[in-house]
Amino acid sequence: MIDYDKVLSEKCKEIKPSGIRRFFDIAAQRENVISLGVGEPDFQTPWCVRKTAITALEKGRTKYTANAGLAELRSTISDYVKRKTGVKYDPDHEIIITVGGSEGIDIGIRTLIDPGDEVLIVEPCFVCYAPLVTLMGGVPVSVETREEDEFRLTPEALKAKITDKTKLLILPFPNNPTGAVMDRESLERIAEVIRGTDIIIMSDEIYSELTYSDEPYTSIIRLEGMAERTLYVNGFSKAYSMTGWRMGYICGPEPIMKQMLKIHQYEIMCSPTVSQYAAIEAIKSCDKDISRMVNEYNIRRRWLVGALNDLGLTCFEPKGAFYVFPSIKSTGLSSEEFCERLLFEHNVAVVPGNAFGECGEGYIRISYAYSLKHIMEAVKRIEEFLKTL
């Protein structure tokens, strides 16, 4: 008999399973569950995008593309990023089309991190960053954000965690799970700390189109000296409701991207060809679709924040993404206890805050990427649950 415990990678074994998927999997096995746990838009991918994919299939556009992706798509993305951020990336040398934003994050970390290098991860945050750093032998270092700071990264918190081993800062804004957004002034203070160091920034901006403030959204690459030290990660899953198409991209300085492309070549070869043609159409034709979806998210966001506060679950007002992150500290339950009891006793699935880092304890994440009808019913059940405590 093989001793599988001996043959498995120690780095892999020490990684914890995703706390998001755990509750999703339990919910999938139960009846009459309202699941507000997964960050997946409830809108259909816009028809023009689906039609373009159908046409690509009909015309047999199913062969490999260039490793970095279709030249037309890279050029279209270059124009899009310039329009949104003011930064122009060379489509031939500074853009790689990836399998979702997740692959961009992965190959970015693989390219930069050697064993012992420290990576600053702003938490609470999406669950993938620390495990990917661990797999490379790097050291994940949590940089905590606080509700009283609107879950924004402060220069004081950042400075306290920088050492001579710090290689990379992962900046996940607009934030999953809190919905926090770094405004221009906040970003300037962070940039001031980073300037003059050799620290690279990975800015995960997958939710950049989904913001609700009157102030225009600002990417850190817009600030002086930041584009040359930043890996800009984005994609199509959230804004265009294209989660299953697995389309993302990463932009950055040519010396880093040249090395990153080698890993992408061996790991993936190229992103799905039909999805690449669909992505071109999405950028060119779907601004109005994004506005329509953002308006609907905003209605849900405002209703849900108000309802949760009325229930006594104090809720910071998120300015981006499609999540709320209410405090459940008043219940006396841990995040895990709250979510397990809510699921098993009242059939509502949400995610415990500590799935996104230890500083998320005492909070839960609720996604409003679902219909208002489902959200209202879920809140009704949450109210019934609170009455039993």
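The following dialogue concerns a sheet and several salt bridges in a predicted model.

Local features of this predicted model need pLDDT of at least 70 and side-chain atom pairs count only at pLDDT 80 or more, while totals for chains, interfaces and linings use all residues. Residues are numbered from 1 along each chain as its sequence is written, and side-chain values use heavy atoms, with hydrogens and water left out.

Student: What is the strand order of the open sheet of three strands?
Tutor: Strands are DSSP runs of E with at least two residues, numbered from the N terminus, and two strands pair if DSSP finds at least two bridges between them. The edge strands, β9 (323-324) and β11 (351-352), each pair on one side only. With antiparallel pairing, the order is β9-β12-β11.

Student: Which residue in β12 stands opposite V351?
Tutor: Strand β12 covers residues 364-367 and runs antiparallel to β11, to which two bridges join it. Opposite V351 stands R365.

Student: How many salt bridges does a search of the whole structure find?
Tutor: A salt bridge is a side-chain nitrogen of Lys or Arg within 4 Å of a carboxyl oxygen of Asp or Glu. One of them joins D5 and K13, at 3.0 Å from N to O. The search finds 22.

Student: Is E148, which forms a salt bridge with R146, buried or exposed?
Tutor: Buried means under 20% relative accessible area, exposed over 50%, and partly exposed in between (1.4 Å probe, protein chains only). The closest N and O atoms of R146 and E148 are 3.5 Å apart, and R146 is partly exposed at 44%. Because its relative accessibility is 58%, E148 counts as exposed.

Terms used. Helices (H or I, at least four residues) and strands (E, at least two) are DSSP runs, numbered from the N terminus.
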